Amino acid sequence: MLNEELKQAEPSSFEEKEIEEFIDKFSEKIVNLNLSVIAVVTLESIKPLSFFASQAMVFFEPLIKAFFTVKDYEKLYRILEDRKLLEKLITSIEEKADRR
């Protein structure tokens, strides 16, 4: 079911505002769980392979579905595909962690 919904979603199916809101919400969660350091290190290390990481999400779909709604899963997928959005996520996590 989720695969079918993801296949139907176009890369531009989310407005920039929706992605920005997701980045803000997701980075806030990461910081609140005190995972900012590991998240930033992990995201920085996969940046050169971010497209392949997004493809690996298909493999881990059953596990990921336990933590994300379908729309949030799609948004995270789009962020990992796009290096600029990935950098925004990393920056957001770092900024929120610095404020603590």
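These are my notebook entries on a helix, a pocket and three residues of this structure.

**Ground rules.** I am working with a predicted model, where local features need pLDDT of at least 70, side-chain atom pairs count only at pLDDT 80 or more, and totals for chains, interfaces and linings use all residues. Residues are numbered from 1 along each chain as its sequence is written, and side-chain values use heavy atoms, with hydrogens and water left out.

**Helix α6.** I started with α6, residues 70–81. Helices here are DSSP runs (H or I, at least four residues), numbered from the N terminus. I checked its span, expected to be 1.5 Å times one less than the number of residues. For 12 residues that gives 16 Å, and the end C-alpha atoms are 17 Å apart, which agrees.

Next I looked up burial. Buried means under 20% relative accessible area, exposed over 50%, and partly exposed in between (1.4 Å probe, protein chains only). Nine of the 12 residues of α6 are buried, so the helix is largely enclosed by the rest of the structure. Among them are Tyr 73, Leu 76 and Ile 79.

**Asp 72.** This residue sits in α6. I found it buried, because its relative accessibility is 13%. Its side chain makes a polar contact with the side chain of Lys 25, at 3.1 Å. A polar contact is a pair of N or O atoms within 3.5 Å; within protein, one must be able to donate a hydrogen and the other to accept it, and residues adjacent in sequence count only if both atoms are side-chain atoms. Not counting residues up to four places away in sequence, Asp 72 touches Phe 22 and Lys 25. Contact means heavy atoms within 4.5 Å.

**Ser 36.** I moved on to helix α3, where Ser 36 is found. Ser 36 is buried, at 14% relative accessible area. Leaving aside neighbours within four places in sequence, I list its contacts as Ile 30, Val 31, Ile 93 and Ala 97.

**Asn 34.** This one lies in the loop between α2 and α3. I noted a phi near 55 degrees, a positive value in a residue other than glycine. Asn 34 counts as exposed, because its relative accessibility is 64%.

**The pocket lining.** Last, I asked which residues lie nearest the centre of the largest pocket. They are Phe 26, Ile 30, Leu 43, Phe 68 and Leu 76, out of 20 lining residues. A pocket is an open set of points on a 1 Å grid over the protein atoms alone, where a 1.4 Å probe fits, with protein on both sides within 12 Å along at least five of seven lines; lining residues have an atom within 4 Å of a point. The largest share of the lining, five residues, comes from α3.

Key:
Helices (H or I, at least four residues) and strands (E, at least two) are DSSP runs, numbered from the N terminus.
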